[in-house]
Structures are given as structure tokens and as C-alpha cells.
Amino acid sequence: MALARLKAAFPWIQTPLVVGAPMRLIATVPLTIEICRAGGIGFLGAGSDTSTLESDLRTIHAQFIERPPPNASSLATNTLPIGVGFLNWGANLEAAVSAVSKFPPAAVWFFAPRSTNDLIVWTTKIREATAGRTQIWVQVGTVTNAVEVTRACRPEFLVVQGTDAGGHGLQQGASIIPLLPEVSDAISILEVPEEEKPILVAAGGIMEGRGAAAALTLGAQGVVLGTRFLASHEANIADGYRNEVLRASDGGKTTMRTSVYDRLRGTTDWPPGYNARGVLNRSWTDAENGMDWEENKKLYEDSVRMGDKGWGLEGRMTTYAGTGVGLVKEVKKAGEIVEEVRSGAREILQRAARSLA
Ligand SMILES: Cc1cc2nc3c(=O)[nH]c(=O)nc-3n(C[C@H](O)[C@H](O)[C@H](O)COP(=O)(O)O)c2cc1C
């Protein structure tokens, strides 16, 4: 049933579903479009800044008119075949509503609201603006949060984010291995009609076919990749950042959830309880070793002026990435990544099924 709902809402997708995370400033128009053209769902990272959203959606609309995605003829939902991700704590609701009412995307993704009440307002307004055509996805990081959001907002999808995830997430959490099944169990016994229960997708630590197959086995209907798409040609990312993603390995040891990078970058408006995972560098070690904060910030600002040379083990520029960063070895086209992950997962699951026969 979940598969039928998935295909009805997103007729262009191929399964197993591969999703590109709405990485703020990085998942811009080219990455979003390329993932969708390859049969995945690319989320545009509007984040906390809605100032260019309408023009971005207009561009996407024009590009799809010029070159429709595969299966365009079956686009029954009358929506743009993409998603848009918002950081609810900072995004402007009025601007978001205005943009999506002109160019309704097939899905919106909400993350990090200041309260459940805010999330209810966002959900209601976007549903009104798009006459219910746009599917609501909410990224959650605990079982409690998943249940609360489902009861309050009835989203069509929950993105279950484990603590391996790159970028922002909950300070305290679990990996998707225990989190996804526990969320799934908790949702299954909720007093919500079966057809209104959210479909689960998994995020956090999935880099390739093996991780995707594992997540599908845990009960996810699709997988979200963030870190992996940092090494795609279409990502809007500095060379220094991308090179650091390719260099880093052994992410359990070389990345950390911390608020050091938010403080250095001045992105301190996140609601309480969130921090972000990034590759450890000089800023982090100096902070650990008790360097005066003003001194650390000054050195960070110096490194910003160094451009691409500001990244690296001895550098200070931030490399947000997940624990799976060591599995990211080369830069590929986003469409190739989608295809590789999808066919890799399929092959592994088929092999596993055969091994039981
Ligand atoms: C560089 C980077 C930026 C991110 N920015 C956002 C964002 O703006 N909004 C959001 O909902 N999630 C954001 N995320 C988190 C992703 O939604 C997702 O949970 C995560 O990337 C999944 O884990 P992975 O990085 O191991 O694939 C970001 C992740 C990364 C790596």
C-alpha cells in the first residue's frame, strides 16, 4: 500500500526510492533537477532563507517545460516534480506560502520548528496554499518526536534521521538501526487510519547500495542521502569543501556532533537541542584545548579569506558531513549516484533473498 501511495504522489520515481536532502545553500536548482530526472526526489534546500524561492521554482518550472522529466506524461498530480526543504525556525512562512501557491512542489520537507504548534501552522498553510496537492514530509530524530508530529500534523512522510547524519540534527539520538524500527512500531499502533499513517524514509549514514539495502530492511520505503551528494558535480559547493569530503575517512572518529562550527559561522539561531556533525579540524581542536573564543573566531575569519585552502585537517573552514564520509571516494553526476544506490540496493536485497532460498 505504501508503494502505491508513493507512486501516486511521485509518478516519475523509480524504486527503491532515493532522495536528495535539502541541504541549505548546497542543494540548489541543478542538484534538485538532476536527482529528479534520474527517478529520485531532489529537495531544493530553501532552508531558513526564502528570498530566492519563487525565482528558483520559476526556473525549475521553465526547465521542466523545456525538457520534461521521464514519465512527465504521467504527472497526474499537477505539481512540480521536486521537493522543497524548509528550516521552520527561520524560514518566512508568508514568502513560502506565496511561492508554493504559484509553483506547487510535489513535496515540502520541514525540519527543526521551534514548537509543534509552529509545525501545525506551517502544515495547515501549505496544505491550503496547494489545495492538498503537496505532500508534507517532516524530519524527526526521536520516537517521541515522530509520534507527536504524526498526531499533530498527519504528515504524509516522516524522514527518520539517525545520529550518523551530516549537518544539523539532534544533539542526542540513535542511529537508524534501532530508531527506524522503533518509530515504525510506534506509528503502527497509533490511533490514526491506516491510509493516513506516514510513510517512513531513512536518513543518516546512507552512502551507497549497502546502507540503502539495510535501511529498506529496517522498514524504510526510501533513503535520503546528504553527505554523498556533496561529492556530486551538481552540488553548489566549494572545491575545498568537496576535497575535504573526499579526503576524510573513518567518520566515527574524524567527525563529531558539535556546536563549535555554528558558533564560528554565526548560525546560532537553531532551537535548543540541535547541533551539527562535521569533520574535525583545527577550530575544533583549539576549542577543545581551551583556546580563547575570540582568538579562535579571528583565526576562522582569516581562513575564510584563504578560500579553498581554508579547509583540511589543519584548516578551519567547516566541513559538515556524516559518519559515512569515508565511503565517499569520487565525484560523480548526481544522476549516476541515484542510479548506483538504487541498483546497488536492489541487487543486494535480491542476493539476500536468493541466499535464503
Ligand atoms: C552539508 C549538509 C547540509 C544540510 N542541510 C540541511 C538543511 O538545510 N535542512 C535539512 O532539513 N537537513 C539538512 N541536512 C541534513 C539532511 O537532511 C540529512 O538528514 C542528512 O544529510 C542525512 O545524513 P547523511 O549526511 O549521512 O546522508 C544537511 C546535511 C548536510 C550534510
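## Overall build

With 357 residues, the protein chain would have a radius of gyration near 21 Å as a compact globule, and its value of 20 Å agrees with that. The model is a predicted one. Along the principal axes, the C-alpha atoms fill a box of roughly 55 × 55 × 45 Å. The secondary structure consists of 15 helices and eleven strands.

Of the 357 residues, 54% count as buried. Contacts that span a long stretch of sequence make up much of the picture: among those between residues at least 6 apart in sequence, 71% join residues at least 24 apart.

## Surface and charge

The protein chain exposes about 15100 Å², and carbon and sulfur atoms supply 51% of this area. There are 36 positive and 38 negative side chains in the protein chain. The centres of these two sets lie 3 Å apart.

## Two domains

The chain is divided into two parts. Domain 1 takes in residues 2–237 together with 328–356, and domain 2 covers 240–325. Domain 1 is thus written as two stretches of sequence, with the residues of domain 2 numbered between them. The centres of the domains, taken over C-alpha atoms, are separated by 26 Å. To the contact between them, domain 1 gives 29 residues and domain 2 gives 22 residues.

## Helices α5 and α6

Helix α6 runs over residues 143–153, and its buried residues are Val 143, Ala 146, Val 147, Val 149, Thr 150 and Cys 153. An α-helix has 3.6 residues a turn, so residues three or four places apart point the same way. Such spacing can be followed in the buried set of α6, for example from Val 143 to Ala 146 and Val 147, and from Ala 146 to Val 149 and Thr 150. These buried residues pack against helices α5 and α7 (176–188) and strands β5 (135–140) and β6 (157–161). Just after α6 comes Arg 154, which takes a positive phi of about 45 degrees.

Thr 123 belongs to helix α5, which spans residues 116–129. Is Thr 123 buried or exposed? The cut-off for a buried residue is under 20% relative accessible area. Thr 123 has 2% relative accessibility and therefore counts as buried. Apart from neighbours within four places in sequence, Thr 123 is in contact with Phe 110, Ile 136 and Cys 153. Of these partners, Cys 153 is one of the buried residues of α6, and Ile 136 falls within the range of β5.

## Backbone details in the loops

Which peptide bond is cis, with omega near -5 degrees? The bond in question leads from Thr 15 to Pro 16. Pro 16 is placed in the loop between α1 (2–9) and β1 (17–20).

Leu 25 has a positive phi of about 70 degrees, although this residue is not a glycine. Its place is the loop between β1 and α2 (29–37). With a relative accessible area of 53%, Leu 25 is exposed, the cut-off for exposed being over 50%. Asp 250 is another residue other than glycine with a positive phi, here near 55 degrees. Asp 250 lies in the loop between α10 (239–247) and α11 (251–254). At 51% relative accessibility, Asp 250 also counts as exposed.

Notes. Residues are numbered from 1 along each chain as its sequence is written. This is a predicted model: local features need pLDDT of at least 70, side-chain atom pairs count only at pLDDT 80 or more; totals for chains, interfaces and linings use all residues. Side-chain values use heavy atoms; hydrogens and water are left out. Helices (H or I, at least four residues) and strands (E, at least two) are DSSP runs, numbered from the N terminus. The radius of gyration is taken over C-alpha atoms; the globule rule is 2.2 Å times the number of residues to the power 0.38. Buried means under 20% relative accessible area, exposed over 50%, partly exposed in between (1.4 Å probe, protein chains only). Contact means heavy atoms within 4.5 Å. Accessible areas come from the Shrake-Rupley method with a 1.4 Å probe; for residues, only the protein chains shown count as cover. Lys and Arg count as positive and Asp and Glu as negative; His and the chain ends are not counted. The place of a charge is taken as NZ of Lys, CZ of Arg, CG of Asp or CD of Glu. Domain bounds come from an automatic or database domain assignment.
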